[in-house]
Amino acid sequence: MGLTLTRVAQWTTTSSSSDKLESSPLNESLLKEILDFVEKLGSKHPEEAEHVFEEPLQWKTALVASDFQAGYDIRDSAVQSHEKDSEGQPLLQLSPPSVYVSSFSQLSKLLHLADDRKLQEVQTCLEENRDPMVKILGWSFISKLNRTDSPPEVLSLRDTSEEEHSAMELDVKVKLLILLQNIDKQILHKLLGEITEQVKLDPTVVKKEVELLKQSCTEGEKRLLKSLRYTSDYEFSNGCRAPLWRQALGEICHLVVEPCDGETLYITCSSAGVFLNAGFKQEGDESHYERKSDFYEDLATLLKSRSPHFAENINKQVSVDQEPPSLERVQHVVLVDGAEQGRPQMSEEQQENNVHEWRRLQRVLYSRKKRDTCQRWRNLGVLTICGAAEAEKERLGPRAKSKMKAGFSASSSPGHMFSQRTKTSAGAIFEEHFNKSSTESEEEEEEEQQPERRSETNTDLGSEYWQIQKLVKYLKAADQTVSVLILCAMMELDLMKETCQLAILDLGGLEVLLNLLDTNDIRCKIGSLKILTKISQNVQLQQTIVHMRGLQRMVNNLDSPVKELQALAAETIANVTKFHRARRTVRQHGGIRKLVKLLDCFPNSADLRANMEKDLEVARCGASALWSCSKSTKNKEAIRRAGGIPLLGRLLRSPHENMLVPVVGTLQECASQETYRVAIETEGMIENLVKILKNDNEELQMLCASAIFKCAEDQQTRDLVRSHDGLKPLVSLLAKADNKQLLAAATGAIWKCSVSMENVAIFQEKKALEILIGLLTDQPEEVLVSVVGALGQFAQIPANKTTICNSGGIKALINLLNGTNQALLVNVTKAVGACATEKDNVAIIDQLDGVRLVWSLLKNPSAEVQCSAAWALCPCIENAKDAREMVLFLIGGLELIVNLLKSTNNEVLTSIGAVVSKLAKDKEILGVLTDLGVVPLLAELTNTTDNRLRCNLAEAIGHCCMWSTNRASFGEFGAIGHLVRYLKLKDRSVLLSTAMALYQLSKEPNNIITMHEEGVVQPLIHLTASDDTKLQEFAAGCVRNIRLLALANQRTA
């Protein structure tokens, strides 16, 4: 674990100078491996997992005291584990925000409690404990091991002080060390395997290039280099020579090169390119791996930039090699060199091989690599075009090259129209500039890079691809002025087409565009962002931009004083942040705060000045980016902390629709949090939302209705919507049934607003009920959920129940019970339950098989569905003409009810208790319930602190006492003591149901004795003075039964 953290993990230093793990796929894989090791250690190696660390691991955790359960002592916010070490210190101690863990066993338990925050806890632990091996095993043990050459398996007890460790402790510590070292190696090999599978390493090309350059390390004036050697002679199976932990970072090998005219160069060859490192100093020093130069395309390019002698001589040899070297010419060079150095002359076969090797060297070092067409272009038909050209070239042979090359200058060439258009403007300038600065053979490049003659089909597609290839090629070699012209030419293309977007990605243009964001030239940045804004709407490019750390560069440009640059950067961020990793990246690099700062403008003026228009555009783009980022919960909180709410409220008063769309979108996204709902209400935004709701823009109407839907959870917000006349526009939106998103938002807002009965009355005046009933069929589920929810609220008024029934609403609701959408099932059962409070409606529900369907929902895996179904059954049972026949007809229905009393969800238990209390009123049903074991289950549940559950349990127990033997059974199962303690509560409903239950239980003499021992008399006497007549009667009846038993005992005595 120590080796992995120091050599494989990717660390970065924040502004606070504390090292943090970078957010990268490599680190994520590393954290998952370590997490898996810690979680499985306890089951595979329990003895090692219980080993107490020499020093506890300490970090700042996100866990709080409420997250801990059994096995811990909880005092206020502090937590201590029951498990302690030999000195009596707890193995886990929480002193918010810090936690101290002293064993892998406790670490595994803590990670289990962290649930979905496991990886974050592991990351924080590793960041704050950079050398965990020392804390786990102790510095003395690690240093002793480092001073010996023996592996840990053969450590002797004599090597360690017997006073410090017992033999058993040392044995466990050695085993633990072996486990840690093994997992270290496993992680290294696995990460290396993942990188190798991604085909990022290409050691074959590097090896070939190095071997060919070694042949140029001769003696004499014509040699290119003095020497070239690897730092390691060992070659891994994948062809790399770099250590494993460096291969995990993409490095292939390390070289030491002595040029003829300069200092020794220390070079790293990696999958990302070739660069200079800090140089090898001493064994074990990691600093020499640090990069000290820019990346170069290949080894020869780096050497040319660092050694004038190498560049001059290699260029001379290239110019000589423009024509294929004859055998005699190469023979002459070799013979002269051999004669000068006293070497034996080569045979004719050796000389011919030398010619071939020299040609290979030229091709590898100085010919551009030919790009293979990727699978996407094969799918789009480009492979057929290019493949046909290649086949034609092979068929015609080498002599046809000049003819084919000439054909590209003809008007039939795919890029002809583009060339003619750009030669007179930007194209002529940057092409001339590029030709002047190039040191390579343009003739050879064109032969390899230019597309051959193609068929007439798909001509436009191929033309765009090769136009972009040419522009990207020039852009890589251009200076700032020419780069601007190239960017202008690129913007003339149709960048919204997927073929153009994928071409920019495949040809390396995306990396160049992102690199331009780091320059100091404003024009280059603006041109790059204008292109990125368009192509970033492609999903694949979005992910690639994040992977290339493009978002960090865009966030950095938000601080620019140039308004246009700020707006473009924000708009591109809005396009890219469509997935979680991108949104997290923006937050972690301070992007949320910078985006909120962009909102600070004053768009209220009707006649905007030029600079005000720019400020308004910047604010609009900033709001769009915040809208995309606000889909993350943590980003919502970051926006609030940055002061975004009042700024959004101020922009909400803007008269410009293009500004209102992202602003309202951000607000409705954030309104899922209570803090935002309170702020929206207190900042007076409800009035503005209602005004915007009357706008003709359907997107704005949808966003406003969605915001009202989320905010209307609060009573005051519902009242504000009504007071600002916002209910009528909501009803009018129901007429736009073709726009399903708008319809879902409007019905959702009506649903939440109808929780207030005052709003229901206004909705009725606008005929909303009849419209909603008509929407119960042929609508998507997101619409049906809201429609049914609203009908459930409307049904609270008796007159509306009749309207729903007469309009065919009950039948439509029952048909929806066959669905699988859990949110819809919850609302349907609530609506059916509300309609079932009318006896006539229950008969219709039963006739349509609605009771059976509702009862079957008790088997649904969702606790919320079970709960709502149980509550719906209560009025159905209570108002049924023959509840006994209806219930007993459902085979297995009562058994399902009894089994649900074993649930761990209090809401389910509360609703099932209410169902049992309704069922127990029928003696025949009560007999079946008793046989199924309902009594012990109810008695066991009485030990609860949930008042709603207490109320329904007490009522159920009271009704179950109507069966002769149940009174005694409740006493035997210990229910009476808990019921007596209920009398100390102030909840009127709990007191009433408890008094009724105790009155029924007091008819059993043994129960009276238990009640008296529990001190029931005094609370009952106090309840006899209650204002509730029923409560008085039950309390007085219970006291009377106690008194009668006491008098009977006195007579017998």
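**Long-range contacts, helix packing and salt bridges in the predicted model**

Among the contacts in the protein that connect residues at least 6 apart in sequence, 68% join residues at least 24 apart. The structure described here is a predicted model, and its secondary structure comprises 61 helices and eleven strands. Of the 1053 residues in the protein, 51% are buried, while the accessible surface comes to about 50,900 Å², with 49% of that area belonging to carbon and sulfur atoms.

Burial can be followed in detail in helix α4, which spans residues 104-114 and is largely enclosed by the rest of the structure, because nine of its eleven residues are buried. The buried residues of this helix are F104, S105, Q106, L107, S108, L110, L111, L113 and A114. Just after α4, the backbone at D115 adopts a positive phi of about 60°.

The loop that joins α4 to α5 also takes part in a salt bridge, since R117 lies in this loop. R117 pairs with D67, and the closest N and O atoms of the two residues are 3.6 Å apart. Because D67 belongs to the loop between β3 (57-60) and β4 (72-75), the pair ties together parts that are 50 residues apart in sequence. R117 has a relative accessible area of 31%, and is therefore partly exposed.

Across the whole structure, a search finds 29 salt bridges, and two further examples illustrate how the partners may be placed along the chain. In one of them, E637 forms a salt bridge with R640, the closest N and O atoms being separated by 2.3 Å. Both residues belong to helix α32 (residues 633-641), where a spacing of three residues places them about one helical turn apart. In general, an α-helix has 3.6 residues a turn, so residues three or four places apart point the same way. E637, with a relative accessible area of 22%, is partly exposed, and R640 is likewise partly exposed, with a value of 32%.

In the other example, the salt bridge is formed by E713 and K752, whose closest N and O atoms are 3.1 Å apart. This pair links distant parts of the chain, 39 residues apart, with E713 in the loop between α37 (698-711) and α38 (715-723) and K752 in helix α40 (residues 740-753). E713 is partly exposed, with a relative accessible area of 43%, whereas K752 counts as buried because its relative accessibility is 13%, and buried residues are those under 20%. Elsewhere, salt bridges that share partners join K207, E235 and R241 into one network.

The packing of helices can be examined in α9 (residues 203-214) and α11 (residues 299-306), whose axes come within 10 Å and cross at roughly 45°. The two helices are therefore oblique to each other. In this pairing, E209, V210 and L213 of α9 meet L299, A300 and L303 of α11.

At the surface, L888, V928 and L932 make a nonpolar patch of about 200 Å². Of these residues, L932 is found in the loop between α53 (923-931) and α54 (934-941), and it counts as partly exposed because its relative accessibility is 35%.

Methods
Residues numbered from 1 in each chain as written. Predicted model: local features only at pLDDT ≥ 70, side-chain atom pairs only at ≥ 80, totals over all residues. Heavy atoms only, no water. Buried < 20%, exposed > 50% of the residue type's maximum accessible area, 1.4 Å probe, protein only. Helix = DSSP H or I, 4+ residues; strand = E, 2+ residues; numbered from the N terminus. Contact = heavy atoms within 4.5 Å. Areas by Shrake-Rupley, 256 points an atom, 1.4 Å probe, with all protein chains shown as cover. Patch = residues over 30% accessible without salt bridge, like charges linked within 9 Å, V, L, I, M, F, W, Y side chains within 5 Å. Salt bridge = Lys/Arg side-chain N within 4 Å of Asp/Glu carboxyl O. Axes fitted to C-alpha atoms, helices over the stretch in contact; angles between N-to-C directions. Parallel < 35°, antiparallel > 145°, perpendicular 65-115°, else oblique.
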